[in-house]
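Trainee: I am new to this structure. Can you take me through the terms used to describe it?

Mentor: Gladly. Have a look first.

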Amino acid sequence: LIIPSWNQFCTRIREIYEKCQNIDDGKVADYIPQLSRVDPKKFGISICTIDGQRASWGDAKIPFCVQSVSKAFNYSVAASELGADLVHAYVGQEPSGRLFNEICLDNNNKPHNPMVNSGAIIVSSLIKNTWNMADRFEHMLTQYRKIAGGEYVGFNNAVFLSERATADRNYALSYYMKENNCFPNSTNSLSEALDFYFQLCSMEVTCETAAVMAATLANGGVCPITEERCIGSRPCRDVLSLMNSCGMYDYSGQFAFHVGLPAKSGVSGLLIVVIPNLVGIALWSPPLDKMGNSCRGVAFCKELINRFNFHNYDSL
Ligand code: GLN
């Protein structure tokens, strides 16, 4: 067993969870009604080790949309199918130092990285881009379910429709990218490209699902529940690098400093953290801080590092 004293470990994780329950900071995202109506008190955590030991606390079975956490898995799928060289012909690896939805490109006129909206829209436009929309959506649902080892993955159509109805910024971003030839040649409809991106943001998971997905990343791309390889080993390394430098919006540098683990957050309040070769952790608490990260999620990660030597550079 990768974590031999499992019960002791779980007790200490539960203590951190309980401590973070006292935090009442932050504000639930309110740019669409489906997010603003979520109960801010909901708080779930689930963990899954690379050998399939699992535990959960709180609201770990309640579905919510993945939002920007999808960016990590969309990149994983794209890079596994197309190779890193092709994907990175369209998108860089550098933190943008700008807001996640800002209208800006890097010096090569490419999106800075796959974890900001511009990069994520381009990455999703690369996936099975000769297929029709229905087949592309179904393909991604299948890939998510594989990465999640068969745990619940759904689709929230209300979120999708709301995202699409309030998409001015993402449209502006996409027209700007079209002007700069950022899209692959096969993209002839911006609205289809954006629909696909919004559909992926609107995929629904639970903490239990997201923990297995994070554990697949911790395990080099092989799902610890099914032992099926779903992400190539190089793309897995690459996505963890990107999560480490760009996964937490404009807090990414500070998170890498204080926590030292690859992570990705989304506006639904989901935060996944990966401890490579050990465990995947999913936290869900909707109130967000000013950067857009879950307040309790970030507090949990800091407390985890206080109590364990999981920081990337703790072992020196
Ligand atoms: N779906 C939203 C957008 O693309 C936000 C995604 C996120 O979690 N930041 O603008």
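Mentor: Start with handedness. A crossing is left-handed if the near helix is turned anticlockwise from the far one by less than a right angle, and right-handed if the turn is clockwise. Keep in mind that this is a predicted model.

Trainee: Which hand does the crossing of H1 and H13 have?

Mentor: H1 crosses H13 in the right-handed sense. By the definition, the near helix is therefore turned clockwise from the far one.

Trainee: What makes H1 and H13 oblique to each other?

Mentor: Take the angle. The axes of H1 (residues 6-20) and H13 (residues 295-307) cross at roughly 140° and come within 9 Å. Roughly antiparallel needs an angle over 145, and roughly perpendicular runs from 65 to 115. The value fits neither class, so H1 and H13 count as oblique.

Trainee: Which residues make that contact?

Mentor: H1 brings Arg12, Ile16, Lys19 and Cys20. H13 brings Arg296, Ala299, Phe300, Glu303, Leu304 and Arg307. The contact of H1 with H13 has five nonpolar and five charged residues, with no polar ones.

Trainee: Why are H5 and H8 put in another class of angle, and which one?

Mentor: H5 (residues 117-126) and H8 (residues 168-179) pack at about 70°. Their axes are 10 Å apart. Angles of 65 to 115 count as roughly perpendicular. H5 and H8 therefore go in that class. The crossing of H5 and H8 is right-handed.

Trainee: Where do H5 and H8 meet?

Mentor: On the H5 side, at Asn117, Ser118, Ile121 and Ile122. On the H8 side, at Asn170, Leu173, Ser174 and Met177. By class, that contact has four nonpolar and four polar residues, and no charged ones.

Trainee: How do you know which class H3 and H5 belong to?

Mentor: Their axes cross at roughly 40°, within 9 Å of each other, with H3 spanning residues 69-82. Roughly parallel needs an angle under 35, and roughly perpendicular starts at 65. The pair H3 and H5 is therefore oblique. H3 passes H5 in a left-handed crossing. The contact includes Lys71, Asn74 and Tyr75 of H3, with Ala120 and Val123 among the H5 residues. It divides into six nonpolar, two polar and one charged.

Trainee: On to the strands. What makes S2 and S6 edge strands?

Mentor: Look at the order. Five strands form an open antiparallel sheet, S2-S1-S8-S7-S6. S2 (54-58) and S6 (263-265) each pair on one side only, as edge strands do. Across this sheet, neighbouring strands are turned by 10° on average, ignoring direction.

Trainee: How do you know that S1 and S2 pair?

Mentor: Count bridges. Pairing asks for at least two. S1 (residues 44-49) and S2 have five, so they pair, and they run antiparallel. In one of these pairs, isoleucine 45 faces tryptophan 57 of S2. Serine 46 is opposite serine 56 in S2. H1 packs on this sheet, touching S1 and S2, at about 25° to the direction of S2.

Trainee: What joins S1 to S2 in their hairpin?

Mentor: Four residues lie between the strands. Glycine 52 has a positive phi near 85° in this hairpin.

Trainee: How are the strands ordered in the sheet with S3, S5 and S4?

Mentor: The order is S3-S5-S4, in an open, antiparallel sheet. S3 (64-65) and S4 (154-155) each have a single partner strand, so each has one side without a neighbour in the sheet. S3 and S5 (residues 203-205) share two bridges. That meets the minimum of two, so the strands count as paired. Phenylalanine 64 has valine 205 of S5 as its bridge partner.

Trainee: Last, the ligand. What makes a residue part of its shell?

Mentor: The C-beta atom must lie within 6 Å of the ligand. Among the residues that qualify are Gln67, Ser68, Phe100, Asn117, Glu163 and Asn170. By class, the shell has three nonpolar, six polar and one charged residue. Asn117 and Asn170 also appear in the contact of H5 with H8.

Key:
Residues numbered from 1 in each chain as written. Predicted model: local features only at pLDDT ≥ 70, side-chain atom pairs only at ≥ 80, totals over all residues. Nonpolar A, V, L, I, M, F, W, Y, C, P; charged D, E, K, R; others polar. Axes fitted to C-alpha atoms, helices over the stretch in contact; angles between N-to-C directions. Contact = placed C-beta atoms within 7 Å.
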